[in-house]
Structures are given as C-alpha cells and as structure tokens.
Amino acid sequence: MRIVRQTVEFEGRRREKLEPVEERVGLPLLEKTWLVGRPSPRVDGIPRVTGAAAYSTDVVLPGMLHAAILRSPHPHARVVHVDSSEAERLPGVHAVIHSGNVQELGPLADQARRTLGTTVHFVGDEVAAVAADDPNVAADALRRIRVRYEPLPFVIDPVAALEPGAPEVLPGGNRSGHERRRRGDVDRALKKAHVIVERSLRTSPAVHHAMEPHASVVAWDGDALVVWDSTQHAYGVRRQIADALRLPLASVRVVNRWIGGGFGAKQGMSAHTLIAALLAIRSGRPVALALGRREEGIATGHRPATVQRITVAADRGGRLVALRHRAWVAVGAGGYSGPVTGPTRDLYACPNVETEELVAYTHAGPACAFRGPGFVEGTVALELAMDELAGRLGLDPAQLRLLNEAKRDPDSNAVYARKRLGECIETGARLIGWKGRGPAGSGRGLGMALEVWGAGGWPPAYATCALQRDGTFLVSTGTQDIGTGTTTMLALVAAEELHVPLSRVRVVLGDTAAGPYAPVSAGSATVPTMAPAVRHAASECRRQLLEVAGQVLGLEPDGARVTLENGHVKAGRKRLPLASLGDQLGDHEIIGRGARGPNPQAQASVFGAQFAEVECDRGTGSVHVRRIVAVHDCGRLIDPLTAGAQIEGGVIQGLGYALLEEGTLHAPSGRPLAADLHDYRIATAMDAPEIEHRFVGAGEPAHGCNHVGALGLGEPPIIPTAPAIANAVAHALAIRPDETPMTPDRILRWIAEAT
Amino acid sequence: MDRGGDVRSPPFVYARPESSDEAATAARAGALALAGGTDALVLLRLGLARAQGVLDLKPLGWREIEVKSGGVLELGALATMAEIASSALVREGVQTLALVCGRVATPQIRNVATLGGNLLQAPRCPYYRGGFACMRTPGGAGCPPQDQGGDARHLGIFPGACVAAHPSDVAVVLVALGAGVVTTRRTIAVEELHRAPDGPADTILEPGELVTKVLVPMSAGTSAYARVADRASFAFALAAAAVRLKTRQGRIADVRIALGGLAPRPIRARAAEDALTGADPADRAALDRAADAALDGARPLPGAEYKLQLARVLVVRAIEDAARSEAG
C-alpha cells in the first residue's frame with residue numbers, strides 16, 4: 001500500500017485527507033460500454049412494490065418486544081423526577097429506562113444519560129423508553145410514566161439565539177459555528193460596481209419524511225449483537241453501536257438490506273437505535289423500535305431554517321464584481337448545517353466574494369443533512385438575486401449566467417473534471433421555450449436556476465466478486481441501497497466488466513456480515529465511490545478467471561488471448577460456457593477483490609440548469625407549476641431510468657420546498673405546529689408538474705474523476721428547483737419573494753408590496 | 001409512588017348495532033360513532049376523542065342515494081364521498097355537490113369517508129391536532145393562538161372563543177344549497193347544524209343523536225363552488241365560497257352564499273345575499289359590494305389578513321361561475 005494526499009468533498013465541504021491506496025486499482029477509464037448506459041429496470045423493483053421486501057420493521061423475531069419513547073412536551077426543561085412504577089407494573093411491560101434509573105445499566109449508564117438526560121432541549125427530546133409485548137401496551141405504559149419538569153427559558157430564532165443573554169441550549173454557548181470566507185475585496189468592488197442588488201431571504205425548516213420512518217430491531221445472537229436498522233450507513237452504525245456498548249467491532253452486525261429513503265436523516269446511529277439496544281440489554285429480549293410519523297416530524301432531523309442577506313454587484317457589461325452572502329442558521333439542539341453560502345463561493349466567476357455563516361444552537365430538534373444541505377437554502381437567495389440583477393442590467397437571466405460562468409472552480413482555482421453547464425443552460429432554454437418568455441407580470445412565468453455540487457465520491461470502499469460454480473457471479477459489498485437503485489447500478493457495472501447478461505450477476509449489500517466496508521450513502525457519492533470498487537472487483541475476478549480458463553483450455557497460463565464474451569471464455573475457436581468452467585472448478589472459488597482508488601486532482605463538481613413554467617393567480621396567490629425542464633451533467637450515466645427517477649424525485653421534493661413545506665415551531669411555546677403529514681405539506685402526485693429531463697454527455701465518461709467516468713446525482717436535482725420556481729413566480733407576478741415556502745399568504749403580501 | 005392494584009386499561013369494545021335505536025342508545029352511553037373512520041380513529045389515537053369503544057354504524061345501511069318527490073335528493077349519511085361523486089343522480093341533480101365530493105382529500109379517503117362523517121369532522125386546527133391544550137381538547141381551556149399569539153395563517157378570521165377553520169367543503173356547499181340533515185330525532189337545516197363552539201362541540205347534536213341522511217333540494221337555479229388551498233390535493237381550503245342563484249330577466253332573483261375556511265362553522269353570508277338580490281350578475285361593483293358585506297365583522301389575527309382578500313375573490317368568482325352556468 002502507498003499513501004497519497006487528496007481532496008475529498010462531502011456535502012459541499014472540502015478537506016484534505018491522507019488515503020492509503022490499494023495496488024492495481026488504476027484500471028483504464030471505461031470508454032465504450034455495451035450494457036452500462038442502457039435503460040435497465042430495477043433488479044429489485046418487484047419485491048419493493050409488492051411488499052415482499054422486508055424492511056427493518058418487517059423483521060419479527062421470537063420473543064421480540066416493541067419499544068416506545070416518551071418525549072418532552074417542553075422546549076427546555078430540567079427533568080426533576082420520573083416515576084415509572086405504574087408503567088413497570090403494567091402486565092406485558094418488560095423494561096423501562098429513564099434518567100432516574102439509568103444507573104442500573106452499570107457501565108452503560110453514561111451512554112444512556114446522553115440520550116435520556118436530566119435536561120431536555122426541545123419538544124420531542126427523549127425522556128424515557130419502554131419495551132413491552134406489543135406496541136399498544138408500550139403506548140399505554142408511556143401514559144403511565146409521570147414526569148416532573150422544571151421548565152426553563154428557551155430560544156428558537158437563530159438571530160436571537162446569538163444575542164447576549166439568550167437562554168443557553170448546550171453548555172458552552174449557542175454559537176455552533178461561525179465561518180467567514182473571503183477572496184478579493186468586496187467593499188472596494190462595490191464602490192465601483194455599476195449595479196448592486198441586495199436581497200434578504202428567510203427559509204423555513206424542512207423535514208425529510210422518508211416514506212419509511214426510522215426503525216431499528218436489536219437482538220443478541222450469543223454474545224454478538226445484530227441490528228436491523230433503516231440507515232444510510234451500515235458500517236457507521238456498526239462502529240457507533242460498538243463504541244456505545246463497548247463491544248468489539250466484529251461482534252456487531254448491522255443489516256440494512258431494504259431502506260425506504262433517507263435523504264440525509266439516517267446517516268448515523270440515531271438515538272432510538274441506542275435506546276432499543278439498551279432496552280434489549282435490560283430485557284434480555286429482541287427489541288423493535290419504530291418511530292411514528294409525528295416523531296419523524298419533530299425528532300429525527302430537518303433542513304435548518306435560515307435568515308439570509310445577499311448582495312450581488314456587476315459592472316456595466318454584466319460581469320459579477322462582488323458577492324456578499326451572510327446566513328444565520330438555526331440548527332436546533334446540537335444539530336448540523338450544510339454550507340449555506342457555498343453556492344455563492346462556487347457557482348459563478350467573481351473575483352470578490354465574502355461569505356459568513358452564523359450557526360446557532362436553538363431549542364428545536366437537531367437539524368441534520370438533507371439532500372443538498374446548505375446549497376438548497378443558499379441557492380434560492382443567490383439565484384433570486386441574480387435574476388433581479390439581470391433585470392436591472394437589462395440582460396436576459398440566461399445570458400447573465402452564461403456570461404459569468406466559471407471556467408475553473410472559483411474558490412480553489414482547481415480544474416473541473418468536466419463542465420458543460422453552458423450546454424445545460426442552452427438545452428434547457430430551448431426545451432422550455434425561453435425565447436418566448438415575455439414581460440414580467442402576465443401571470444405566467446418562466447424562471448431558471450443553476451446548480452453546482454461536489455459529487456466525486458471518495459475511498460475507502462470495497463467489494464468482492466466471486467464466480468459461482470454455475471457460471472453466475474456474486475458481488476458483495478457493505479454499501480446499501482437507500483432506494484436510489486444502487487443494487488441495479490452495481491450489477492450493471494459488474495455485468496459490463498464480466499460481459500455477462502445482467503441476470504447472471506447478483507449484488508448482495510446492506511449487511512456488514514455479507515460485504516466489506518463501504519461508506520455512507522450520502523453526498524451524492526455512492527455511484528462514484530462504489531461503481532469503481534465493484535468494477536475493480538469484477539475485473540480482478542475476470543483476470544483470475546481468464547488465467548484459470550487459459551490453463552483449462554490448454555493455452556497460455558497467463559490468460560493472454562483468452563477473452564470473456566457473452567458468458568463464455570473464448571480463445572481462438574475454442575469456446576467454453578462459464579458454467580462448464582465452474583463445473584470443472586467445482587467448489588474452488590475465484591474471488592476478485594476491489595477497492596475504490598484515490599481521487600485525482602480534478603474538482604469533481606456536477607452542474608445543472610432547471611427551468612420552471614408557472615401559472616399564478618393574482619387574486620388568490622396560488623401557484624401552479626406546469627412544467628420543469630431539468631438538464632444536468634453528472635458524467636456517464638450507469639442507468640438512465642434510475643437517473644431520471646433521481647431528477648423526478650428531486651424536482652418534486654424541491655417543489656415542496658419552494659411552495660409547501662414548513663416545519664415551523666409555535667414561537668411562544670416552542671412546540672411544533674406541523675409535526676404530521678396533515679400540517680406538514682409535502683407535494684402530492686397532483687402537485688407534480690410535467691418533468692422533462694435531459695443529461696448532457698450521458699454516454700461519455702467524465703475524465704479525471706474515477707475509472708468508471710460516473711459522478712453522483714443524488715442531491716443535484718433538488719438544488720435548482722426551488723430557485724427556478726421562485727424566479728418563475730417572481731416573473732409571473734412581478735414580485736420580489738423573500739421567504740420560502742411561497743404560500744398564498746406570502747404571495748399576496750408580495751403583490752401588495754409591489755403595487 | 002406505587003399505588004398498587006391492577007393498572008391495566010379496560011378493554012376496548014367494538015360494537016355493531018342492529019337497529020338505529022340500539023345505535024342511539026349505545027351512542028348516548030358514550031360509544032364513539034364510527035362511519036368511514038378516517039377522522040374518528042385519528043382522534044382516538046391523538047387522544048382528542050376518548051371512548052371505551054366504537055360503534056360501527058355501517059351495519060345500519062344509511063347509504064342510499066335517491067330522488068324523492070318534490071325534487072329532493074336524499075343521501076344516506078353513510079354514502080361515501082366516492083359514491084356521491086360518481087352517482088348519476090347527484091351529478092345530474094346537484095352537480096356542484098358531486099364535484100366537491102369528488103375532490104375531497106384523496107381517492108383512498110373518498111372511498112371510505114362518509115357524508116355524515118364529513119359534516120361532523122373535528123377541527124383541522126394545527127393547535128387542536130398538534131397537541132396543544134385548548135377549549136376543544138379534553139380537559140383543555142382557552143385558545144393558544146389567541147391567548148399566546150403565534151401562526152394564525154390557517155385559522156378562521158371571525159372573532160370567537162375558537163378560531164379554528166371548519167374543514168368541510170361539503171358542508172359549505174350544502175348550506176348554499178339549502179340542504180337539511182335528518183337525525184335520529186329531527187330534521188334541521190345544515191345551516192343550523194353547526195354552531196360557534198364554546199367547548200368541544202361545534203354542532204347542536206345532542207348526545208346519542210346520529211345523522212341518518214341529508215336532503216338536498218334540487219330547485220331551479222345554478223350553483224358554484226370556489227376554493228383555494230395551498231396544495232393541489234389533500235389540503236383543506238384556506239378559504240372557500242359556495243353560491244346558488246337564480247336570475248330573472250338578467251337580475252339575481254334569489255341567491256344563497258356560504259363561506260368556508262373562515263370560521264369554526266360554515267357561514268351563511270346573508271348580508272351579501274341581500275346586497276346581491278336584484279343586482280346584475282355582470283355588475284362587478286355589485287359583486288364586490290356583496291363580497292365586502294360577506295366579510296363584515298371579520299377580524300383576522302395577525303398573519304391571517306390575507307384570507308379577507310382570498311374570500312372576497314372567491315365570493316365574486318363563485319357568483320360569476322354560478323351566473324355563467326345559468327346563462328349557459
């Protein structure tokens with residue numbers, strides 16, 4: 001092994017890392033393909049839609065208990081006393097844990113206190129948990145736990161949370177982060193600018209609400225622990241569970257075979273998983289803990305609320321001369337924020353840029369990554385300002401964006417692996433009919449927005465590929481398919497390399513016991529990370545197989561001149577079906593091991609342009625999104641069907657963010673006002689517009705990123721949707737939106753302000 | 001503190017009555033009437049309804065849709081939204097009602113949700129359903145958005161002890177159509193069924209009184225319904241207006257207007273009706289005056305002011321639509 005230094009980008013943030021490199025990962029770039037890139041239906045589609053797939057909560061074990069969590073009704077309080085005696089005496093209740101009895105867990109008490117502490121920091125914070133024979137008894141038991149709280153002052157606004165004297169969320173102050181970045185001299189550039197646009201924007205919290213709620217089933221298998229968990233990272237949960245329970249890593253197995261979506265809210269071990277494990281220890285029984293929809297709404301993470309101010313300035317010709325973007329972000333109790341001002345640094349060529357993010361802890365559920373974290377929020381502000389700038393300059397918004405396209409990464413000056421954003425803009429403009437856009441205020445609007453996102457993946461990641469004696473191949477890896485089609489795409493990559501029909505390859509994933517390490521399925525990284533690892537494994541399997549086949553066929557021992565074609569090994573006129581080779585080998589296995597190689601120097605960003613056509617009702621403030629045209633470039637496509645599904649899902653989710661979704665808290669009490677799917681409005685099928693998507697360069701590999709030539713597409717589709725809709729609404733009604741979601745009340749206010 | 005003794009919850013009873021008398025008796029004794037179950041079961045789960053059992057009304061039938069003598073359309077209280085929407089009798093007799101029933105919630109819900117259940121559904125107020133204590137929740141008091149402030153955008157705009165917005169589109173249409181409900185005791189106008197709540201109840205029904213059918217006059221004239229919601233489906237109206245009118249020689253001779261989404265009950269806008277009678281439906285100024293009259297007395301909480309404009313626009317549009325269909 002050798003060690004290289006490389007840049008890794010995750011969720012919009014880059015860092016330098018030392019990476020050990022496996023030898024022989026340097027495969028040549030996959031140029032021509034025979035299978036990859038052809039539309040292929042999901043290999044696991046039927047069990048997913050028929051209900052045959054066993055998601056975490058479908059796992060039923062002998063003696064299994066059902067757990068439930070008692071949650072705080074206060075945004076901030078001291079838990080003075082917990083009386084669980086009545087709950088404990090309820091027939092069918094096997095274990096109750098809370099801050100008052102965690103000492104009974106002995107060496108694990110400290111871990112338990114982290115989750116079931118004596119202070120609660122948000123409405124929905126965990127206070128106690130029970131395990132019982134069935135979910136109804138568990139719910140009944142929760143009602144019998146009496147908790148005495150001492151309510152404490154709380155703060156939920158990010159600006160207020162950072163003011164002196166604000167109630168402290170966590171010891172050490174409410175400032176979670178304060179990042180200032182600058183290049184050039186913004187003040188000087190503003191003095192010379194021809195046009196300066198200033199905008200402010202307030203964005204609301206948005207909740208993931210994956211179709212499958214968070215759920216874990218925890219069971220002992222002798223002295224080993226098995227955890228079925230709906231998670232985006234089996235190996236990560238394994239490490240965190242082992243750490244928390246002080247178990248050897250090898251004694252913990254995490255299974256996440258089927259997952260009904262994550263969107264960022266399932267990236268690591270959640271509190272409920274630890275609680276389920278503690279209850280399993282306490283009761284000596286398997287424990288299932290599935291969260292309800294309201295719990296999803298208040299306690300499993302969200303996209304944080306932001307308050308943003310942005311200044312964009314250009315010279316007479318429309319070239320950007322200065323960008324200044326400041327964001328206050330409310331991340332709840334101990335939560336996380338993506339880089340809200342990232343797009344302002346990365347999207348356009350501009351010599352003078354200043355960004356500042358003030359990230360505040362607040363008395364709300366912890367925020368976490370949510371599909372394109374930070375960039376979704378920030379791109380709305382940036383692209384609204386760009387459209388206003390175009391208007392003030394008398395330039396077409398598409399033209400302004402083309403004019404300011406960055407040829408290299410404007411922040412790092414790195415060379416892009418590939419950038420065809422101009423082509424995306426031109427294609428999208430043609431498809432939406434941008435030329436006939438017409439003047440603002442007609443009620444019908446066209447708007448556009450761009451997207452940049454780092455989607456290059458990273459090492460380490462591993463896979464194996466084994467020839468079976470019947471001539472089929474088994475690919476094993478510790479990655480997971482969170483609903484994105486990973487299983488299908490990896491099977492395609494292996495079948496491509498092995499030159500066998502797709503049906504001859506089986507991919508096993510979603511189980512730490514079944515496959516080697518793979519990273520979190522997040523950061524649009526799964527394809528660019530796993531596809532090269534799987535291709536490497538398949539290639540190694542093929543190399544060994546040809547070596548063996550050459551000898552079996554009585555040819556050169558090194559396998560030269562032996563090829564693998566359509567399920568057969570071939571040498572000259574000799575042809576041997578793989579099944580015959582397998583037969584002759586019997587139970588001797590040919591196993592190829594693959595690893596993800598290091599990232600090259602190129603900046604693996606992906607780009608896209610989306611265009612929205614809306615119809616707005618000036619009398620009622622209603623918006624109807626008729627059409628979205630989405631043109632993206634993410635390198636070579638593995639499966640156009642799956643890629644199209646990512647676009648459609650991202651666009652519909654982005655439409656919800658633009659127009660509907662609002663995970664607000666009631667300011668006077670800190671309680672959620674939209675915890676369930678009645679008050680928290682995600683887009684329905686009836687809201688979905690006509691979506692037309694195109695991929696630029698879909699059949700060509702991206703150079704300089706990885707040997708499959710594919711980049712990520714998980715997050716990019718959601719990033720430009722809300723700003724494209726916002727610009728279309730602004731165009732339709734000649735208004736200046738300053739808040740999302742753009743609900744009728746707000747649209748009517750903007751109309752009144754504009755007249 | 002250990003109080004000892006059996007702490008188990010009493011068993012939950014599911015009952016299927018064989019007659020309406022039996023049903024009324026059980027309902028009087030505190031059983032929760034269950035029709036489609038799309039709201040009742042949610043209320044039980046949220047702790048907003050408390051009952052030791054449910055009384056399944058479905059064995060009683062009550063789902064026929066018939067035209068009676070005198071031009072009255074009779075709808076069983078247990079007819080589902082989907083049945084009403086697809087009934088040829090309703091589509092021909094009172095098309096607006098069929099259209100509105102066909103747009104309630106989602107197809108899945110329309111397949112089970114009943115007419116009676118729709119009229120009697122509990123408030124969709126985010127405070128009421130969101131775990132806040134208020135005058136309408138068991139053991140609660142007050143009205144959080146009025147007492148403490150906070151987001152009022154989805155609430156009603158008329159002053160009262162409760163400012164929830166009544167969620168039923170169907171009720172608003174029925175008020176405009178001059179429909180009545182038949183209960184196990186009496187016949188009352190739909191307009192009289194709901195009242196301004198001063199506690200949990202928002203209807204005049206007495207304990208054990210069950211709605212058995214709805215009577216809709218199919219009198220001459222046309223009707224229209226206009227609503228705005230913030231989502232294309234599965235969202236309650238932010239504001240809505242239903243109108244039924246008859247014209248004579250180009251003038252409005254008879255008109256009924258009802259508003260939804262603005263108060264804890266459907267509102268009959270009599271002042272607007274008076275203002276319109278005798279007016280030319282093409283006279284936009286008259287329509288605007290009527291819309292203003294309909295909203296006389298509204299006092300929206302901060303943030304809900306936009307509903308004044310929404311309602312004005314919808315009243316005008318519903319009148320125009322109804323007048324257009326009559327002209328056509």
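The following dialogue discusses how to read several features of this predicted model.

Trainee: Where should a reading of chain B begin, and how many helices and strands has chain B?

Mentor: One may begin with the secondary structure and then turn to the overall dimensions. Chain B contains 14 helices and twelve strands. The radius of gyration of chain B is 20 Å, close to the 20 Å given by the globule rule for 328 residues, so chain B is as compact as a globular protein of that length. The C-alpha trace of chain B spans about 80 × 50 × 35 Å along its principal axes.

Trainee: What percentage of the residues of chain B count as buried?

Mentor: Of its 328 residues, 50% count as buried. Contact separation adds to this picture: among contacts in chain B with a separation of 6 or more, 62% are between residues 24 or more positions apart.

Trainee: How many residues does each chain bring to the contact between chain A and chain B?

Mentor: Chain A brings 33 residues and chain B brings 29 residues. On the side of chain B that touches chain A, helix H8 (126–129) and helix H14 (306–327) each supply at least two residues. H14(B) gives the most, with four residues. By class, this side of chain B has twelve nonpolar, eight polar and nine charged residues.

Trainee: Which residues have the most contacts inside the largest nonpolar core?

Mentor: They are A:Ala67, A:Val130, A:Ala494, A:Ile725 and B:Val315, in a core of 349 residues. Helix H15 (residues 526–552) of chain A provides the largest share of this core, twelve residues. For A:Ala67, leaving aside neighbours within four places in sequence, the contacts include A:Val130, A:Ala138, A:Ile275, A:Leu279 and A:Leu289.

Trainee: How does one check the geometry of a helix such as H13 of chain A?

Mentor: One compares the expected span with the distance between the end C-alpha atoms. At 1.5 Å a residue, the twelve residues of H13(A) (residues 421–432) should span 16 Å, and the end C-alpha atoms are 16 Å apart, which agrees.

Trainee: Which residues of H13(A) are buried, and why do they lie on the same side?

Mentor: A:Leu421, A:Cys424, A:Ile425, A:Gly428, A:Ala429 and A:Ile432 are buried. These residues cover an arc of only 125° around the axis, which puts them on the same side of H13(A).

Trainee: What do the buried residues of H13(A) pack against, and what follows the helix?

Mentor: The buried residues pack against helix H12 (397–403), strand E18 (444–454), strand E26 (605–617) and strand E27 (622–633) of chain A. A:Gly433 follows H13(A) and has a positive phi, near 80°.

Conventions:
Residues numbered from 1 in each chain as written. Chains lettered and ligands numbered in written order. Predicted model: local features only at pLDDT ≥ 70, side-chain atom pairs only at ≥ 80, totals over all residues. Contact = placed C-beta atoms within 7 Å. Nonpolar A, V, L, I, M, F, W, Y, C, P; charged D, E, K, R; others polar. Core = buried A, V, L, I, M, F, W, Y, C linked by C-beta atoms within 7 Å. Buried ≥ 20, exposed ≤ 12 C-beta atoms within 10 Å, placed from the backbone. Expected span 1.5 Å × (residues − 1). Arc of directions from axis to C-beta. Rg over C-alpha atoms; globule rule 2.2 N^0.38 Å.
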